[in-house]
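Trainee: Could you take me through one part of this structure slowly, beginning with a single residue and then widening the view to what surrounds it? I would like to see how each statement connects to the next.

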Amino acid sequence: MNIRLNIILLVIAAALGGWYMSQQTPETNGLDQLIKKEGNPDYTGNKMTTSVYDLKGNPQYFAQADEIKRYESSERTEFLNPFVDLFDAQTALKQWKVSAKHAEITKEKMLNLSGDVKIEALDPTSRLQRVETDKLTVDLNTQDIFTDSAVKSVGLGFTTSGVGLKGNLKQQVATLTKNVKTYIEPTVIRQSNEKEKSETQSPKDVQ
């Protein structure tokens with residue numbers, strides 16, 4: 001009789017223990033969702049914009065993207081389908097528009113772009129008008145640009161293609177390093193040179 005009673009009590013205890021554990025599971029799952037897993041971003045946002053200014057309060061760059069992910073531990077930000085405007089440090093005016101399929105900005109303010117990368121000048125008189133490649137890095141501190149990928153650059157009166165590029169957006173220059181092919185439009189270059197010459201002439205030089 002005692003053996004049978006003990007068995008019944010054990011069955012009841014096991015049933016109660018199983019019920020208790022089942023009640024605790026939703027709370028545990030909810031807690032797991034609140035805890036950030038290693039490698040996951042600290043926060044994400046859709047259709048977001050961000051603006052960054054230098055120490056003098058001048059705009060340095062403006063970025064918008066379909067999705068933005070921020071990793072606080074590494075101070076890294078990822079962008080999906082980004083558009084980035086770069087500003088002139090002296091005039092605080094927009095100078096360049098940058099687009100790609102993916103980008104990240106590192107702690108050191110290096111903008112790493114990949115997938116259908118395009119850099120376009122917003123000033124129609126800029127010697128360098130457009131750069132197209134698959135991967136490219138922009139140093140946001142100096143606006144130096146560089147890549148080891150195949151690249152095409154378009155400027156006033158020329159179109160150049162090749163592999164690898166180094167340049168500077170502030171100086172409006174980009175130099176291809178290998179397998180360089182250049183197409184020159186003499187008319188455009190001559191018109192540009194004549195315009196620069198007329199702008200640099202003093203009033204007494206003009207008859």
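Mentor: Let us begin with Glu-132, which counts as partly exposed because its relative accessibility is 26%, a value that falls between the limit for buried, under 20%, and the limit for exposed, over 50%. Please keep in mind throughout that this is a predicted model.

Glu-132 is found in strand β8, and this strand has a pairing partner in β7 as well as in β9, so we can take the two pairings in turn. Strand β7, residues 110–121, and strand β8, residues 128–139, run antiparallel to one another and are joined over nine bridges. The two form a hairpin, with six residues between them, and within the pairing Leu-111 stands opposite Val-138 of β8. The second pairing, between β8 and strand β9 (residues 144–155), is again antiparallel and extends over seven bridges. β8 and β9 also make a hairpin, here with four residues between the strands, and in that hairpin Gln-143 takes a positive phi near 65°.

With both partners of β8 in view, we can return to Glu-132 and look at its surroundings. Its bridge partner in β9 is Lys-152, and Lys-152 is also among the residues that Glu-132 touches, together with Val-117, Lys-118, Ala-150 and Val-151, when residues up to four places away in sequence are left out. For Val-117 we also have a distance: this residue and Glu-132 are 15 residues apart along the chain, yet their C-alpha atoms are separated by 5.7 Å. The side chain of Glu-132 makes a polar contact as well, reaching the side chain of Arg-130 at 2.8 Å.

Now move to Thr-133, which also has its place in strand β8. Thr-133 counts as buried, because its relative accessibility is 10% and the limit for buried is under 20%. A general point is useful here: in a regular strand the side chains alternate between the two faces of the sheet. The side chain of Thr-133 reaches the backbone oxygen of Ala-150 at 2.7 Å. Leaving out residues up to four places away in sequence, Thr-133 touches Asp-116, Val-117, Thr-147, Ser-149, Ala-150 and Val-151.

One of those contacts, Asp-116, deserves a pause of its own. Asp-116 is found in strand β7 and has a positive phi of about 50°, although it is not a glycine. Its relative accessibility is 46%, and Asp-116 therefore counts as partly exposed. A positive phi of about 50° is also found at Lys-47, again not a glycine, which lies in strand β1, residues 43–53. Lys-47, however, is exposed, because its relative accessible area is 67%.

From here we can turn to the nonpolar side chains. The largest nonpolar core has 28 residues, and Leu-86, Leu-111, Leu-113, Ile-119, Leu-136 and Val-138 are the members that touch the most others. At least two residues of this core come from each of β2 (59–71), β4 (83–87), β5 (94–99), β6 (102–105), β7, β8 and β9, and β7 gives the most, with five residues. In general terms, nonpolar side chains in soluble globular proteins tend to be buried together. Which residues does Ile-119 touch, not counting those up to four places away in sequence? They are Trp-96, Lys-97, Val-98, Gln-129, Arg-130, Val-131, Leu-136, Val-138, Ile-145 and Leu-169. Leu-136 and Val-138 appear in that list, and both are also named among the core members with the most contacts to other members.

Finally, let us step back to the whole chain. The protein chain contains two helices and 11 strands, and along the sequence they follow the pattern α-β-β-β-β-β-β-β-β-β-β-β-α. Of its 207 residues, 31% count as buried. If we take the contacts with a separation of 6 or more, residues 24 or more positions apart account for 38% of them. An example of a distance across the sequence is given by Thr-177 and Asp-148, which are 29 residues apart in sequence and 8.8 Å apart in space, C-alpha to C-alpha. Thr-177 is found in strand β11, residues 173–184, and its side chain reaches the backbone oxygen of Val-163 at 2.9 Å.

Key:
Residues are numbered from 1 along each chain as its sequence is written. This is a predicted model: local features need pLDDT of at least 70, side-chain atom pairs count only at pLDDT 80 or more; totals for chains, interfaces and linings use all residues. Side-chain values use heavy atoms; hydrogens and water are left out. Buried means under 20% relative accessible area, exposed over 50%, partly exposed in between (1.4 Å probe, protein chains only). A polar contact is a pair of N or O atoms within 3.5 Å; within protein, one must be able to donate a hydrogen and the other to accept it, and residues adjacent in sequence count only if both atoms are side-chain atoms. Contact means heavy atoms within 4.5 Å. A nonpolar core is a set of buried Ala, Val, Leu, Ile, Met, Phe, Trp, Tyr and Cys residues joined through side-chain atoms within 4.5 Å.
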